[in-house]
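Let's take a walk through this protein together, starting with one helix and then stepping back. Have the sequence and the 3D view open as you read.

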Amino acid sequence: MRPAIGALMVLAPLGLQTSPIEVPPPVDAFPAYLWRLDHRDEPLPQQLLNATGGSHVERAGTAAWLVERGAPFYVGHGPGRNTLHPERDSLEVRFPLARFGATRDEGELVRTPCLSDPQTRADLRAALAASLAPDDRVAADFVSLGDEVSITPYGDPIDFCHSAHCDAAFQRWIAGGGGERYGLSPGARRCSTDALLSSPTPRKLGAWLGGRAFQRAVLSDLLLELAEHSRALRPGLAVGVLGLVGETAFGGVDLEAVAAALEVLEPYRVADAVERCASLRALGRGPATILETIFLDQQDPDSLRAHLRGLVGAPVDGVVVWCDRDLTSAPELRVVLEQELTSLRRARAAQPERDRDPRGVALLHSDDSLAHAFLREARGDRLGWTRRLAGLQEREGHHEVRRREALEQLRQAGEHPGSIPLDAVDGALVARFGRLVAVDLTVVSDAELDRLRAFVAAGGELEVRGPFAELRPDGTRRARSETAGGLVASSVDRSNP
Ligand SMILES: [Zn+2]
């Protein structure tokens, strides 16, 4: 364990009545890790390292220089980068998409490498073992399993993956009970987006939604398997995932699954990802540590200063700073970063136990409703659903915009809003979140409706905005009268008066 800098400094002036000495606050109070782009194969110059205090090592690279300087660091991309982080312009993505565009045969939509292929998983475990082998790893804060990990690049719309391995894994997922929610029994097949859009039926909708959930499970199961491998190799070393791009109908990470099992998560400021991580933590189902990435190329000194000051009361425990190149080309950012991180650490060290996680009011999060919203928009999109890339959807998607507006509106009303999944709702939730906001929550199971009724019965307020619980996850439609009993009748729709 590295020494806390502040602790060393306070011993010196003990008992002396001199002018107050400025004691540097402990770096641990709010670690900051500088990403090395220009210095990826060499130690950072001390001046750059001073700006954040910490950095990272990739794969089997040495951390000796960081250990010598007592600097916090993490091990990045433990299992390697590219398998878990596909790029839009890679051949592995472009080729199957081009073939699919020509044939519209979903069998062409095979992800390379396939995450259900036992060989892929063995390769990832071996790469992780190599990353964790150097002795200096004992001093690392955590190992990251990846950055921007997703089945499809950034969650773009591709019906990955239809390999034989994934088809077999889908049957195992159904046998394990995963398909029950979607009305899927053994032998059922996934429904492609094309097939559903061309002639929708309730059964197809259930099979399509189930396919989304299955693909999320493939990735989260893999991440949990790698976390277990890491713990066997390096007991006591925390495990995390960085650069969470947020769920889409086609990719991203199942946040609930990884939040409950990993110690460190770093959600991007997209959708409700930060609010959800922090809300899950408040409910005892989240990561111990929440990080945030600061992209310096999007900052000037004033915006950087304001951003870092805004983190004082935020549910963020540290930052990854991208990157050394920007600090070299803009020394004024380096000065702001160093000053503001010092202030932030001082503030945190003075109030280490304060609860910064959301309370009071929370949005209800539903991956099924998010996927269903994509479908409704894709139906009216003449350019075709494969053109609705993740960034466009996040910016302009109806569900995404409404959710963002709701969060912003709550913040402006002075709330510290959270976001929680439906399976976290029950009567006991009222103690933390007395009010829940359902924004276009179209897909809700019968069991989840019962949870909401228990919440309302315990005194909670449910505010419904837009369509609510029209569908079950198996694709069947629910009559409005079925949701009314003691639930919607007591709610307020402030957006559609
Ligand atoms: Zn596959």
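Before we look at anything, one term: a residue counts as buried if its relative accessible area is under 20%. Keep in mind, too, that this is a predicted model.

With that in hand, how many of the 10 residues of helix H10 are buried? In this helix, which covers residues 273-282, the count is 9, so H10 is largely enclosed by the rest of the structure. The buried set is a mixed bag: it includes Ala 273, Val 274, Cys 277 and Leu 280, and Glu 275, Arg 276 and Arg 281 belong to it as well. Just past the helix, have a look at Gly 284, which follows H10 and has a positive phi, near 80°.

Now zoom out. The protein has 18 helices and 12 strands. Its C-alpha atoms fill a box of roughly 75 × 50 × 40 Å along the principal axes. Is that spread in line with a compact globule or at odds with it? For 497 residues, a compact globule would have a radius of gyration near 23 Å, and the protein comes in at 24 Å, so the two agree. Across the whole protein, 53% of the 497 residues count as buried. The accessible surface is about 21000 Å², and carbon and sulfur atoms make up 53% of that surface. As for charge, there are 58 positive and 70 negative charges, and their mean positions lie 3 Å apart.

How do parts from distant stretches of sequence meet? Among contacts with a separation of 6 or more, 74% involve residues 24 or more positions apart. Gly 155 makes a handy example. You'll find Gly 155 in the loop between strand S4 (142-147) and helix H6 (164-175). Gly 155 has a relative accessible area of 3%, so it is buried. Gly 251 is 96 residues away from Gly 155 in sequence, yet their C-alpha atoms are 3.8 Å apart in space. Beyond its neighbours within four places in sequence, Gly 155 also touches other residues, including Ser 150, Thr 248 and Ala 390.

Last stop, a pair of strands. Strand S2 (residues 54-58) and S3 run parallel and pair over 4 bridges. One of the partnerships joins Glu 58 to Gly 76 in S3. Which way do the residues of S3 (residues 73-76) point? Phe 73 and Val 75 face one way, Tyr 74 and Gly 76 face the other, and all of them are buried.

Terms used
Residues numbered from 1 in each chain as written. Predicted model: local features only at pLDDT ≥ 70, side-chain atom pairs only at ≥ 80, totals over all residues. Heavy atoms only, no water. Helix = DSSP H or I, 4+ residues; strand = E, 2+ residues; numbered from the N terminus. Rg over C-alpha atoms; globule rule 2.2 N^0.38 Å. Buried < 20%, exposed > 50% of the residue type's maximum accessible area, 1.4 Å probe, protein only. Contact = heavy atoms within 4.5 Å. Areas by Shrake-Rupley, 256 points an atom, 1.4 Å probe, with all protein chains shown as cover. Lys, Arg positive; Asp, Glu negative; His and termini not counted. Charge placed at Lys NZ, Arg CZ, Asp CG, Glu CD. Pairing = 2+ DSSP bridges.
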